[in-house]
Amino acid sequence: MIHKACLTMDTSLPKPPALPTANPIKRVCGVLNILAVNLLKEDRTMNYANATQCIDSLNKGEVSAKELVDFAIARIEALDEHINAVVTRDFDRARADAATADKERKAGSDKPLLGLPVTVKEGFDVEGLVTSWGLPGEHAPAGEDSVLVRRLRAAGAIILGKSNIATMLADWQCANPRFGRTNNPWNPDKTPGGSSGGGAAAVAADMVALEFGSDLAGSLRIPAAFCGVFAHRPSQGVVPMRGFAPPMAPRLPIASDVDQAAVGPIARSALDLELALGLVAGPDGLEAEAYRLALPPAGQKNLRDFRVLVLDKHPLCPTASAVQSAIAEVAKHLEEAGCKVARKAETLPSLTDIARTFQALLMSLMGVDTPRDDYDTAKDADDFDSQAMTMSHRDWVELDRHRLGLQLGWKQLFSQFDVVVCPAAPVTAFSHDERPFGERRLTVDGSEAGYDILPLWSSLTNPTGLPSTTMPIGADAGGMPIGMQVVGKRYGDLTTLRFAALVEAQFGGFRKPTSLV
């Protein structure tokens, strides 16, 4: 499941300072409130304002880019000692960019994100900053921005820095030898998820209103679910990935997307996700000379217009009763709102087949960069992962043809339904676990389950490149957030985002972490 090279790395990770008995996050909130009053107009505090609200306030002249950036920096400096979310900081350049943004706004610029501070996952190249993917040692600073960062800057966004990740993005927790461990803002003893855990934690803690991460095996959706925020994994290929690569990979002016992977936004509202997607999506390089992206608009205006398939059980994955109950409660509300809700469909592709296809494609990708000795050893093994890692090109082509069959199955399903709702993860955030992968266990309703069940719900979309919007829908008995996926047909991104926005408006969405209120 995980890149073999990562299993042999030193697992002794630097950690944030030990937490005192009194929660330090609560202790600093008073300081932050004073800072907020000093930095922003007293009657226009921007605490937990989402990106759309921040931009509205900027447009109305109620707050300046300088004030927003100063507020974000103050909050990061006050909270991040104990969360460790924003690990590469570019504050001096951000302050200079804020001054420029304020001048541009006075001159009449209408850039859609002008003056909004954001962060991006550490894996994105940002000119002048190191891209390490959590690996220790010396790495040269990036010579240019990734395509996504370039588009954010063109829209007027201000890059504050980069957020923490799992080593080589290969874990559903967020820790690495270079930057240490990120803690969940809801409970520092628990993981924020991975690999985009730093970004989800930063958004949940109101360090920024908008972040961009990546997702190959749930790396956007699991952190969003664990931290109680929104995320959108776009349809495959909609947002270019050029400039998102490990430090050892060559930087070329022409690049292709990684099979089953996508990059997308994390925010505190569905409308922010839609805004962000519209600004970074579109063809790149040679394709941009010939093609234009025009995602189909959502045809539904109200919840009652949606046909919804609800899934809460996976044949390979025990799912916590709290998660199933939260999904059932959403389904009840949807029926009351007039949605056409079904709980089974004959046209639904086999979830077992999807999971095995995802796993085989993932391992074949991982085999490309596996050290030669490990790869040769895997050739002689008879387990599923080893066989997938070392499959022949002929076998891969046959698997790719099988994937087309799955894509046809989804096409038939989405002729009957507009969206599928299901868990984003089988469990809520769990305690940090630094043991080797093979020794890790999850607890699901009092019973043990393997650590490798974590991506089974999120892998639903990956082989066929479907879009998925993740949103918070409640909490478990311990107060930890529960996340739901809204899955749509390929290129149906605006439909899943519309549905999430309507559910958010009617039933509620993001809540502040209780330790930060």
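Q: Where is Tyr48 found?
A: In this predicted model, Tyr48 is found in the loop between helix H2 (24-39) and helix H3 (51-60).

Q: Why is Tyr48 called buried?
A: Its relative accessible area is 12%. Buried means under 20%. The value for Tyr48 falls under that cut-off, so Tyr48 counts as buried.

Q: What is the phi of Tyr48 near?
A: Phi of Tyr48 is near 60°. That is a positive value, and Tyr48 is a residue other than glycine.

Q: Which loop holds Leu169?
A: Leu169 lies in the loop between strand E3 (158-163) and strand E4 (175-176). Phi of Leu169 is near 60°, again a positive value in a residue other than glycine.

Q: What makes Leu169 buried?
A: Leu169 has a relative accessible area of 15%. The cut-off for buried is under 20%. Leu169 is therefore buried.

Q: Why is Gly479 called partly exposed?
A: Gly479 has a relative accessible area of 28%. Buried needs under 20% and exposed needs over 50%. The value lies in between, so Gly479 is partly exposed.

Q: Where is the place of Gly479, and how many residues apart in sequence are Gly479 and Ala331?
A: Gly479 sits in the loop between strand E14 (468-475) and strand E15 (481-487). Gly479 and Ala331 are 148 residues apart in sequence. Their C-alpha atoms are 21 Å apart in space.

Q: What makes Glu274 partly exposed?
A: The relative accessible area of Glu274 is 30%. Partly exposed is the range between buried, under 20%, and exposed, over 50%. Glu274 falls in that range, so the label fits.

Q: Which residues is Glu274 in contact with, leaving aside its neighbours within four places in sequence?
A: Glu274 belongs to helix H9 (residues 270-280). Beyond those neighbours, its contacts are Leu494 and Leu497. Contact needs heavy atoms within 4.5 Å. Ile482 is 208 residues from Glu274 along the chain, with 21 Å between the C-alpha atoms.

Q: Why does Ser386 count as buried?
A: Ser386 has 6% relative accessibility. The limit is under 20%. Ser386 passes, so it counts as buried. Ser386 is found in helix H13 (residues 384-389). Leaving aside neighbours within four places in sequence, Ser386 touches Ala378 and Ala381.

Q: What makes Cys422 count as buried?
A: Relative accessibility is 0% for Cys422. Set against the limit of under 20%, that value makes Cys422 buried.

Q: Which strand does Cys422 lie in, and which residues is Cys422 in contact with?
A: Cys422 lies in strand E11. Leaving aside neighbours within four places in sequence, its contacts are Leu311, Ile327, Trp457, Leu460, Met484 and Gln485. Gly483 is 61 residues from Cys422 along the chain, and their C-alpha atoms are separated by 9.0 Å.

Q: Why is the aromatic pair of Phe226 and Phe430 called edge-to-face?
A: By the pairing rule, the protein has nine aromatic pairs. In one of them, Phe226 and Phe430, the ring centres are 5.8 Å apart and the planes meet at 85°. A pair needs centres within 6.5 Å, and edge-to-face needs over 60 degrees. Both tests are met, so this pair is edge-to-face.

Q: How do you know that the pair links distant parts of the chain?
A: Phe226 and Phe430 are 204 residues apart. Phe226 is in helix H8 (residues 221-227). Phe430 is in the loop between strand E11 (419-423) and strand E12 (441-444). Both Phe226 and Phe430 are buried. Ring pairs also join Phe226 and Phe430 with Trp172, Phe437 and Tyr451 in a cluster.

Q: What joins Gly194 and Ser195?
A: A cis peptide bond joins them, with omega about 10°. Ser195 lies in the loop between strand E5 (180-181) and helix H7 (197-204).

Q: Why is the protein called as compact as a globular protein of that length?
A: The protein has 15 helices and 15 strands. Its radius of gyration is 22 Å, close to the 24 Å from the globule rule for 517 residues, so the description holds. Buried residues make up 60% of the 517 residues. The C-alpha trace spans about 60 × 55 × 55 Å along its principal axes.

Note on methods. Residues numbered from 1 in each chain as written. Predicted model: local features only at pLDDT ≥ 70, side-chain atom pairs only at ≥ 80, totals over all residues. Heavy atoms only, no water. Helix = DSSP H or I, 4+ residues; strand = E, 2+ residues; numbered from the N terminus. Rg over C-alpha atoms; globule rule 2.2 N^0.38 Å. Buried < 20%, exposed > 50% of the residue type's maximum accessible area, 1.4 Å probe, protein only. Phe/Tyr/Trp six-rings, centres within 6.5 Å; stacked < 30°, edge-to-face > 60°.
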